[in-house]
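Q: I'd like a close look at one part of this model. Please pick a sheet, go through it strand by strand, and then stop at a residue that follows one of its strands.

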Amino acid sequence: MGEEGFSSDASLLYHRGVPSAIVDSQVWELLDLSTTPNHPLKPRHLKLHDLPPPVVEPVEDSGRANAVTGRRLVLGNGDVRISYAVASQESPLYRNAIGDECVYVEAGSGTVETVFGVLSYRQGDYVVVPRATTHRWLPAEESRLYAIEANSHIAPPKRYLSRYGQFLEHAPYCERDLHGPGAPLLLEGTDVEVLVKHRGNGPSGIVGTRLTYATHPFDVVGWDGCLYPYTFNVEDFMPITGKIHQPPPVHQVFEGTNFVICNFCPRKVDYHEGSIPVPYYHSNVDSDEVMFYVGGDYEARKGSGIGIGSISLHPGGYAHGPQPSAVEASIGVEYFDELAVMVDTFRPLELGEAGLAVEDPAYAWTWAGRGPDGTDPAVFSNS
Ligand SMILES: [Fe+2]
């Protein structure tokens, strides 16, 4: 398998069987991928931990969703979709033919079986699965999974790499932090179903197909090349800090076409004697910004109602920054114990059904302290 028309990263996989031998093709009905524009424009707070599991077939399994068919769409645009699943069941075999996936493991552990071999995953891992890699998720414990699905490839930023592709010394992580598959995974089977998400018609431009393979797709005795799934744990990200405020690109971990992924890790903060460690008010005019708060105590959002499991969406066209009390509270602080995963997109994000289901409607008014009805937002009780 290879990328960009035989002109980029590729691997050779040595199959025992014929990887194209299918005996059936049926429709796979995807969960609701419709989106609603962020209009009228406002910042949004979405509480993912309030999201009930999806209704899946068979219905008695609905409370025990899996990492593939149990994903609910939170936010999306024509370049990237963010979904969320609380998975405790083994997923079907699956591959995403639309783009690479980067699944952040908010909580839980287990394995991801792939055609390349087995990856283990744990809390804080980014599980990066290249486009069209057949795989399945096997949680060892309930796993909270934040799936970032690209229409493109997902890779480390080019500025972290030498012209030959080695991580440079100034990069906040390097090759030793990436963990690829272990030994080959060989399974026997006939008439094995694989769910394929692929390009098609419909409102989202995305459809699903159930392909049945004559023999088990996990029949690769070995492979070589530079294209393979891997994990990277957020704890291995070495934050770049400064005497004055460092802008978000220092926190970048991956990039795709028209979006970036950054992480804000526990770190020493600005050490100039006059510094204010929380960010200044800023208008990142070309981007929508999505923060997913996964650990610690996020200093800049104190007083907003945001907590662990929250998402904030700060759209282009809207200047944003800390809640007012957070600015003063941060003076003199030397260390932030916070952990957040950020996705910045260059095209506007729309709200998926799961995002709409768990929105905190008071968030937009928390900077002013009052909303359109003139009353104080209830969330100010925790400021
Ligand atoms: Fe921002």
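A: Here's the sheet first, and then one residue from a loop.

This is a predicted model, where local features need pLDDT of at least 70, side-chain atom pairs count only at pLDDT 80 or more, and totals for chains, interfaces and linings use all residues. Numbering starts from 1 along each chain as its sequence is written, and side-chain values use heavy atoms, leaving out hydrogens and water.

Our sheet is open and has six strands (DSSP runs of E, at least two residues, numbered from the N terminus). Read across, the order goes β4-β23-β22-β25-β20-β19, and the pairing is antiparallel. Two strands pair if DSSP finds at least two bridges between them. At the edges sit β4 (44-47) and β19 (252-256), each with pairing on one side only.

Now zoom in on β20 (residues 259-264) and β25 (residues 338-345): they run antiparallel, and six bridges join them. One residue to find there is Cys262, whose bridge partner in β25 is Met342.

Next, go to β23 (310-314) and step into the loop between it and the helix α1 (324-330; a helix is a DSSP run of H or I, at least four residues), and you'll meet His320. His320 counts as buried (under 20% relative accessible area) because its relative accessibility is 4%.

Who surrounds His320? Skipping neighbours within four places in sequence, His320 is in contact (heavy atoms within 4.5 Å) with Tyr280, Tyr281, His282, Glu289 and His314. Look at Glu289 again: its side chain makes a polar contact with the side chain of His320 at 3.0 Å. For that term, N or O atoms must be within 3.5 Å, one able to donate a hydrogen and the other to accept it, and residues adjacent in sequence count only if both atoms are side-chain atoms.

How values were computed
Buried < 20%, exposed > 50% of the residue type's maximum accessible area, 1.4 Å probe, protein only.
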